[in-house]
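Hi there,

Here is the structure I promised to pass on. Please have a look, and then read my notes below.

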Amino acid sequence: MEPPNKAQGDLPIDPSAAHRGANNSRKCSKRVLRVIRGGGVGNSGNSAMAADSLEQLQRGAEVVETVVLELTEEEEKIFQRLLDVVCHFHLGTTLRVAGGWVRDKLLGEQPADIDIALDNKTGLEFCVILNEYNKLIGEKLEEPQVIQSNPDRSKHLETAKMSVCSKKEIDFVNLRSENYVESSRIPTMKNGTAEQDAYRRDLTINSLFYNINDNCVEDFTRRGIDDLKKGLIVTPLDPKATFLDDPLRVLRAIRFATRFNFTLCDELKEAASDEKVKLKLCCKISRERVGEEV
């Protein structure tokens, strides 16, 4: 993958970049998507699915540009199946592909995993309903795999994993917010909005959502897309507070900067050099976890 040309401001997010050298053997369909920035959405799932983006706009969000995503035939089939389930059972669920999948697609890479964030169901609840739909249409029933939370492995919430369309295994999890206490890097988790979920993430480039229902990219931090374009590593919230809450994110920031040849923003570098952050990193993180991140 070619790094973004930061000197000239070239976009890594453009039609020519999609799947550059990543997945050219598969048939793909191009989608021109709106980017909806900001909003403060608190969608409970009770409103009509199509009203979600309208609600964002009413809450101060804005459509700022368009981007191009290429979906493989398998991804198209999976996303349509999930929409069919929501429609058939009148769930009112907004389906969002979260984090790394969106980032990698926009940078022209083919993601290995698909994580679906749900606004009004837990992952297991949705998988059970998905199996009901499979039974109705005469397809093979799949056994959901429940992955328990494991804070020591930076997995703070239960996730359900299930094969969709008898192919790829998908992770399903509900949107959440988190709160940290001084003595631990393990947060208290609770259900949250899409905006809260975006702001709890480690970096702005990992906070983007692809809203399957409305076929748009959502940038609740208002800078995830811009930071991808500029090749910047930035935290959604104050970097020092972020690192004091979870010092492992210092190492994650460095890892992503190295992987994509991106630049750590000045505020992040200053926060990572703070003595309190260094002390937290030594006290809160096991040597094994440090080794895994680097």
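**What turned up**

Leu228 has a relative accessibility of 0%, so this residue counts as buried. Please keep in mind that the model is predicted. Leu228 belongs to helix H6, which covers residues 224–230. Its C-alpha atom lies 7.9 Å from that of Leu107, although 121 residues separate the two along the chain.

Next, have a look at Arg37, in strand E1 (residues 28–37). Arg37 is buried because its relative accessibility is 13%, and the cut-off for buried is under 20%. What does its side chain reach? One partner is the backbone oxygen of Arg222, at 3.4 Å. The Arg37 side chain also makes a polar contact with the side chain of Asp226, at 3.3 Å. Beyond its neighbours within four places in sequence, Arg37 is in contact with residues including Ala61, Glu62, Val64, Glu65 and Asp219.

Helix H8 is worth a visit too. This helix runs over residues 248–260, 13 residues in total, and spans 19 Å from its first C-alpha to its last, close to the expected 18 Å. Among the buried residues of H8 are Leu248, Val250, Leu251, Phe256 and Phe260. Just after H8 comes Asn261, with a positive phi of about 55 degrees.

Finally, turn to the surface. Leu124, Val128 and Val146 make a nonpolar patch there of about 190 Å². Leu124 sits in helix H4 (residues 123–136), and with a relative accessible area of 32% this residue is partly exposed.

Enjoy exploring, and best wishes!

Notes
Residues numbered from 1 in each chain as written. Predicted model: local features only at pLDDT ≥ 70, side-chain atom pairs only at ≥ 80, totals over all residues. Heavy atoms only, no water. Patch = residues over 30% accessible without salt bridge, like charges linked within 9 Å, V, L, I, M, F, W, Y side chains within 5 Å. Areas by Shrake-Rupley, 256 points an atom, 1.4 Å probe, with all protein chains shown as cover. Salt bridge = Lys/Arg side-chain N within 4 Å of Asp/Glu carboxyl O. Helix = DSSP H or I, 4+ residues; strand = E, 2+ residues; numbered from the N terminus. Buried < 20%, exposed > 50% of the residue type's maximum accessible area, 1.4 Å probe, protein only. Expected span 1.5 Å × (residues − 1). Polar contact = N/O pair within 3.5 Å; in protein donor to acceptor, adjacent residues only side chain to side chain. Contact = heavy atoms within 4.5 Å.
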